[in-house]
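Biologist: I have the sequence and the coordinates open, and I'd like to talk through the metal and the ligand before we turn to the rest. Can you put it on screen?
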Amino acid sequence: MELSMKITGARVIVTCPDRNFVTLRIETDAGIYGLGDGTLNGREMAVVAYLEEHVIPCLIGRDPFSTEDIWQYLYRGAYWRRGPVTMSAIGAVDVALWDIKGKALKTPVYNLLGGASRQGCLVYCHANGSDTASAIDSVKKHIDLGYLAVRAQAGVPGLSSSYGVPKGNKSYEPAERGLPAESLWSTEKYLRFAPRMFEEVRKAVGEEVHLLHDVHHRLTPIEAARLGKELEPYDLFWMEDPVPAELQEGFALIRSHTTTPIATGEVFNSLHDAHELIRNQWIDYLRMTIVHGGGITPLKKAADFAAVYHVKTGFHGATDLSPVTMAAALHLGLAINNFGIQEHMPHTDLTDRVFPHAYRFHAGYMYPGDEPGLGVDIDEALAGTLPYQRAYLPVARKLDGTLTDW
Ligand code: KDG
Ligand code: MG
């Protein structure tokens, strides 16, 4: 079999099937193409410019099988390292190259990463409600859909909006058109409410279902320690992003007070953001995602490093990660030994039509499918009818107006 190929071209496709996605399509002289996701929620066009102006010209003529060398070329070779824009652009290239590799070798990407280590990937979904009663209804609905793990978020009494809870009856989608929306935050109200909510949720849904919760970077370490301790009786699968994680040693304080498992890392873009967290066993689940973490190549290494310290994966899987990232996460998740759980926030029907894919959900698990490569395509004709629309994530302020972490 002739495996010598060259990259002949690459283009960025920006489309908005209900929300914005940035997709990189890399072409080869063998007629095989690969897709990568470069979506960075609320900062999409920065990645487009980075790819078009700085990355694509360097790819032409290279061997698409050289995933390691091309990754190093784009990372070390740029001199300027890390950061979400850079790493999303590198991630888009890396994932597209793994897609090409799988298609050229006529095998699903998970076979190139070690083969299947399990039958499917356990996933968790999002349940939410404006109050505890409606959050409980939502958890029950998701259990009826077959989910074995459910994240529960509810409106905090006294706050006009809460992370993870939609305003109307639409599905929750944080990015909104127009300038950034402002929401209010009160740690006191939240800390009074969250343990009571989980007491009721656990009572209503029983012991079997895994319950998760996202604090979304809102607390200080000592506040998070208190929350983790108070949540212990409700046996959470994890407490996510209890604090903003720039200060890795802050997790030591949380860890010394509570046995509630901790997940973090959806905003990380390098293993260097997490290596103290992992090395010191301050977390249980690493949430770094394929796109913002620079692709399959570095995430496989991050997962292997984490495995040494009993840390499992819990890859980010919100709707701002395109179906291409979902597929990449499932292929990697199927292959590694220390897979923990995968987030599944289903895309809209329109997004699924723009990105036809082989992965599927069944009875609590997701399966990447057995198509060569990643098993995701893009309907460019449909994508072309859905132009980019500027949208931003919200910002948060404390009740006295101080800007805080959203
Ligand atoms: O773009 C930001 C979202 O992906 C994020 O707010 C979602 O926290 C999130 C989660 O856990 O899915
Ligand atoms: Mg989160």
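Modeller: Before we start on the metal, a donor here means an N, O or S atom within 2.8 Å of the metal, or 3.2 Å for Na, K and Ca, and because water is not among the atoms, a site may look incomplete. Please also keep in mind that this is a predicted model.

Biologist: Which residues are the protein donors of the magnesium ion (ligand 2)?

Modeller: The magnesium ion (ligand 2) has Asp214 (OD), Glu240 (OE) and Glu266 (OE) as its protein donors, at 2.0 to 2.2 Å. Along the sequence, the donor residues follow the spacing D-x25-E-x25-E. Asp214 and Glu240 are 26 residues apart and link distant parts of the chain, with Asp214 in strand E8 (residues 210-214) and Glu240 in strand E9 (residues 238-240).

Biologist: And where is Glu266 found?

Modeller: Glu266 is in a loop, the one between strand E10 (262-264) and helix H9 (275-279).

Biologist: Are Asp214, Glu240 and Glu266 buried or exposed?

Modeller: Asp214 counts as buried because its relative accessibility is 2%, under the 20% cut-off. Glu240 is buried as well, with a relative accessible area of 0%, and Glu266 counts as buried at 9%.

Biologist: Moving to ligand 1, how many residues surround it, and which are the closest?

Modeller: There are 15 residues around ligand 1, and the closest are His216, Glu240, Glu266, Asp320 and Glu343. Glu240 and Glu266 are also among the donors of the magnesium ion (ligand 2).

Biologist: What about polar side-chain atoms, how far do those of Arg151, Glu266 and Glu343 lie from an oxygen atom of ligand 1?

Modeller: For Glu343, a polar side-chain atom lies 2.4 Å from an oxygen atom of ligand 1. For Glu266, an N or O atom in the side chain is 2.7 Å from an oxygen atom of ligand 1, and for Arg151 the distance from a polar side-chain atom to a ligand oxygen is 3.3 Å. Ligand 1 on its own exposes 330 Å², of which the protein buries 94%.

Biologist: Which pocket does ligand 1 sit in?

Modeller: Ligand 1 sits in the second largest pocket.

Biologist: Different topic: what does the side chain of Asn128 reach?

Modeller: The Asn128 side chain reaches the backbone oxygen of Gly164, at 3.1 Å. Asn128 itself belongs to strand E4 (residues 121-129), and with a relative accessibility of 18% Asn128 counts as buried, because the cut-off for that is under 20%.

Biologist: I also wanted to check the backbone. What is phi of Asp235, and of Gln281?

Modeller: Phi of Asp235 is near 55°, a positive value in a residue other than glycine, and phi of Gln281 is likewise positive, near 55°. Asp235 is placed in the loop between helix H7 (221-231) and E9, while Gln281 is in the loop between H9 and strand E11 (285-286).

Biologist: Why does Asp235 count as exposed, and Gln281 as partly exposed?

Modeller: Asp235 is exposed because its relative accessible area is 53%, and exposed means over 50%. Gln281, with a relative accessible area of 41%, is partly exposed.

Biologist: Last one, where is Thr220 found, and how far apart in space are Thr220 and Val209?

Modeller: Thr220 is in the loop between E8 and H7, and is partly exposed with a relative accessible area of 35%. Thr220 and Val209 are 11 residues apart in sequence, and their C-alpha atoms are 29 Å apart in space.

Terms used:
Residues numbered from 1 in each chain as written. Chains lettered and ligands numbered in written order. Predicted model: local features only at pLDDT ≥ 70, side-chain atom pairs only at ≥ 80, totals over all residues. Heavy atoms only, no water. Helix = DSSP H or I, 4+ residues; strand = E, 2+ residues; numbered from the N terminus. Buried < 20%, exposed > 50% of the residue type's maximum accessible area, 1.4 Å probe, protein only. Near = heavy atom within 4 Å. Polar contact = N/O pair within 3.5 Å; in protein donor to acceptor, adjacent residues only side chain to side chain. Areas by Shrake-Rupley, 256 points an atom, 1.4 Å probe, with all protein chains shown as cover. 1 Å grid on protein atoms, 1.4 Å probe; cavity = no way out; pocket = protein on both sides within 12 Å on 5 of 7 lines; lining within 4 Å. Sits in = over half its atoms within 2 Å of the grid points.
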